[in-house]
Each structure stands twice: as C-alpha cells, then as structure tokens.
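Dear colleague,

I am handing over the structure we spoke about, and below it you will find notes on what turned up when I went through it. Please read them with the model open beside you.

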Amino acid sequence: MTSETTLPEGGAPETPATEPQRRQFPAFTRKQTNTAIVLALLAWTVAVFDYGLFGTLLPVMQEDFGWSASTAYLVNTLIAIGTAIIAFGVGPVIDRLGRRRGMMVTIGGTAVASVLTAVIPAKMGALSTSAMVGVRSLGGLGFSEQSVNATYLNEVFSITEDERKRERRGFWYGIVQGGWPLGFLLSSALALVLLDTLGWRAMYLVASLPAVALIIVIGKKLRETPQFELHQRLRGLKAEGKSREAEALAAEYGVEHTNSAPIARIFQPELRRNTIVLSLAWIVNFFGINIFSVLGSSILANAKGVQLSTAFWMLIVINLGAYFGYIFHGWLGDRIGRKHTIVIGWMMSGVAFAVMLSPLVTSTALIVTTYALGLFFLVGPYAAIMFYMGECYPTDCRGTGTVIIGAMSQPGTIIGGFLFTGAAAAWGTGSAALWVGAVGTFLSGALMLLAKPVARLEN
C-alpha cells in the first residue's frame, strides 16, 4: 500500500485526468493532534535524556572505569556499532506493530538501558567495558524514537482537522524534534545538580522513571493513525487470501496495495535515489553530531581547556539555544523547502564550528557564541530532514524508510568515531574535531544538494 500521492522520479505527484471520489480517512481532532504532539515531544526528550547522559557523563565514567581519553572515545564508537544493529531492526517493527506500539517499544528500550547502565560494575576490566558496550547498545531503541515520531506525525498532520497545524506542519514538528537539545539540556542540568551528591549511577536511575511513566500514558492516550490501520487491514485481507477485497478497499481510498517487503520498497526506482542520498548525508553529518552534540563536554574540556563544571553550564546555555534551531528550521522548511533548509543549515554549522575551534577564539563568551551557532545550525535542520524523510515514502514503508535512514547515524558515528579517535591520538582533540566534525558537517550539507524534492503528504 502507498499513500494517495504517488511520487514519480521527477518528484511531483501524478494527477489523473479524471480522479474518482475517494473515501477520506477519519480526521484527528484538535485535541487528539495536540495530545500526539505533546506525547511525541516528551517521548523524544526522554529518549535523548538517556542517550545524552552517556556523552555528558563520559569524562566522569572514564575516570571510574579507568579508561584513557582515546579508550573512552573507542568505547563510544563500539557502542555505536551495537546501536546500529538494534536500530536497523526497528523500522520493519514500526510498519508491522504500528506507530503507537512502536513508540512504546522505543521508550521501553530507553528505560531498560538506563537501569542496566546504573548497575554495571566498574572494576572488572574488559568485562565491565564489554557490559557497558552491550547495555548502551540498547540505546538504539531510544534513538529510533525520532523516526517513529516522523512517521506518526506526518500521517497525523495530513489528516488533522486543525488547519493551522496542517499548513504549518514543519513548524510544529520542529517543536517536537527539539526534544534533542532539551534532552541534552536536562542531562547537563542533572549532572550539574546531582553528580557531586549522588554520582553518575543515580542519574541513570532517575532517567528511567519518566520513560516508564510515558509508556503507560502512551498506551492509554495515544491514538493509532488511520493510515496504518488501513494498511494493517489490507495486509490482513491479503493474508486471508482475499486479494480482490484488499484491492477494492485500497481503490476506495485511492491507495496502491503492494506485496513488496518494506525494505525492498525503499530501494525501488521511484524511491531509491533519496534512500541513498539521505543515508549518505546522515552518515557524514553524524561525524559532527557525535563530536559536537554527544561529546560536547569532552570537546570543551579537551579542545578548549574548559573545566568540566563550567562545561556543564555552557552546554545548558548552548542546548537551550539549539532548541530554537529546531523551531526556526521547521518554520523555514515550510517556506523555502525542507531540502534547501537542510543544505543551508549544515553548511553554516560547519563554518561556525571551524571558527569555534580556532586558536583565536579563547574567551568564554566567544566559545559559547560560536558553539551555540554551530549547534543551532547542526541539529536544527533535523526538524526539516525528519519530516522530509516521512514525505519521501508511502504508508507501507514509511516507518522502515525513516528508521533505516535514521539508523545510518550509527555507521556515521562508527566511521566518524574511528576517524576522530585516530586523529585525536595523532593531532589532539581540537584538530580532530575540526577535520572530522566541522568539515564532515559542511560536506553533509553539500551531499543534500543531490536529494530529490518530494511533494507534501496529503491525506
């Protein structure tokens, strides 16, 4: 099954000369739409809270586990490998279980990862390190939550009765995707308040509590999208051998029903180009995400000589500014197009981080300003690209497409991590961050120039 708008190679929807009257999906009410937005924002913030804690607390955990700086970077890279394995399996699950259950699964993985991280012993050498890599790999579930949101809200905004949200969907999704800096802000704030008093283990236990609460609330309050419910019904009819009934029902809604597996679908000719281009862009962009967003405290401490407690304060301010980057880029994507928004943002980010890493930038104010600008333009475009990805694919493979591309962040973290670890050992953290992180971020924006424009999802 695909959505009603079929996107040919040129990127514009096909419009038949005479189009029969189609049945409409039941609309999401304003209240249901608002509930979906709030729960999606909370779910992503909580998932990032756990994900960001590892990067925020890495300098402290490094000391507790007896890791050198290069070993700590290597551990982070190995975790990315495990995260990729987990994340690649989430997409088909979303297209099988549904958007609502998919959200519950990803948040559940976050809760489990937080609790298990808190109880890993630190004095067992390689065994402790291996346990940390295995447990933190479960973060692949939480990291995939953003792809569930992109899939779910694309479908919600296309059928909501709230015209303002339908027309300004990029802006509203930007608010939701802003859970990334909010999660990192919370992890930095929690470290500042609780680290000296309770230690890093207690912080992971605290992170698990909102995740458990959200699973319960989502199960009770969140409505599944009618697009997925139709897709599920068509699949059920097909499984029962009622192919003609399935085709007739699909025709009533003006959708195409296909038997192709979701993973095969995203590589079909009309979808293949964006699958490849977006995957490559994510890989290269996550050189910068891993260095400047996840390992922010380490970069400030090791590249700019900032004390760890000061780095936590700086990251709170920097991530607060980054939240508005999501809103800005979501708004801008509605007006100039999501593709152009991504290209401009990532190229500007690469330039800002290069300036921040310059030896000439030494004052706290300049470091915060340039770092904040870099993060504003680095993470903000994800409000555009996540929604753009949802618009690239039809209903039957939308979850798979968004999650598989999103999971390419982990090969990016792995490749970038090895490059960064080797460069840091040879040249130091500052030079490694410049050539791997800042240059990689700029190149990811250039790669997006090759992406194909797509039509906005309607119904």
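I begin with the residues around the largest cavity, whose lining divides into five nonpolar, seven polar and one charged. Please keep in mind throughout that this is a predicted model.

The cavity just mentioned is one of four in the structure that reach 30 Å³ or more, and about 140 Å³ of space lies in it. Its lining is made up of 13 residues, and those closest to its centre are Tyr-51, Phe-54, Asn-76, Ile-79 and Thr-83. Two or more residues of the lining come from each of helix H1 (30–65), helix H2 (69–88), helix H15 (269–294) and helix H22 (409–427), with H2 giving the largest share, four residues.

Since H2 has that role in the lining, I looked at this helix separately. Its end C-alpha atoms are 29 Å apart, which agrees with the 28 Å that its 20 residues should span at 1.5 Å a residue. The buried residues of H2 are Ala-72, Tyr-73, Val-75, Asn-76, Thr-77, Ile-79, Ala-80, Gly-82, Thr-83, Ala-84 and Ala-87; Asn-76, Ile-79 and Thr-83 were also listed above among the residues closest to the centre of the largest cavity.

The largest pocket has a volume of about 240 Å³. It is lined by 14 residues, among which Gly-333, Gly-337, Arg-338, Glu-391 and Val-454 lie nearest its centre, and the elements that give two or more residues to this lining are helix H17 (308–336), H18 and helix H20 (382–392). By class, the lining of the pocket holds five nonpolar, three polar and six charged residues.

Turning to the aromatic residues, a search of the whole structure finds 22 aromatic pairs. One of them is formed by Phe-65 and Trp-200, a tilted pair with 5.9 Å from centre to centre and 45° between the planes. This pair links distant parts of the chain, as Phe-65 belongs to helix H1 and Trp-200 to helix H11 (residues 200–221), with their positions 135 residues apart, and both Phe-65 and Trp-200 are buried. The rings of Phe-292 and Phe-353 are stacked, because their centres are 3.8 Å apart and their planes lie at 5°, which is under the 30 degrees that the term requires. Here too distant parts of the chain are linked, with Phe-292 in helix H15 and Phe-353 in helix H18 (residues 338–356), 61 residues apart; both Phe-292 and Phe-353 are buried. Ring pairs also link Trp-44, Tyr-51, Trp-180 and Phe-184 into a cluster, and Tyr-51 is one of the residues closest to the centre of the largest cavity.

Two charged side chains are placed over aromatic rings. Lys-165 lies over the face of Trp-172, at 4.4 Å from the ring centre, while the charged end of Arg-168 sits over the ring of Phe-171, 4.6 Å from its centre.

Finally, one contact is worth a look by eye. Val-93 lies in helix H3 (residues 90–97), and its C-alpha atom is separated by 8.0 Å from that of Thr-400, although the two are 307 residues apart along the chain. With 30% relative accessibility, Val-93 counts as partly exposed, because this value falls between the limits of 20% for buried and 50% for exposed.

With best regards

Note on methods
Residues numbered from 1 in each chain as written. Predicted model: local features only at pLDDT ≥ 70, side-chain atom pairs only at ≥ 80, totals over all residues. Heavy atoms only, no water. 1 Å grid on protein atoms, 1.4 Å probe; cavity = no way out; pocket = protein on both sides within 12 Å on 5 of 7 lines; lining within 4 Å. Points joined across faces, edges and corners; volume = space filled by probe spheres on them. Nonpolar A, V, L, I, M, F, W, Y, C, P; charged D, E, K, R; others polar. Expected span 1.5 Å × (residues − 1). Buried < 20%, exposed > 50% of the residue type's maximum accessible area, 1.4 Å probe, protein only. Phe/Tyr/Trp six-rings, centres within 6.5 Å; stacked < 30°, edge-to-face > 60°. Lys NZ or Arg CZ within 6 Å of the ring centre and 35° of its normal.
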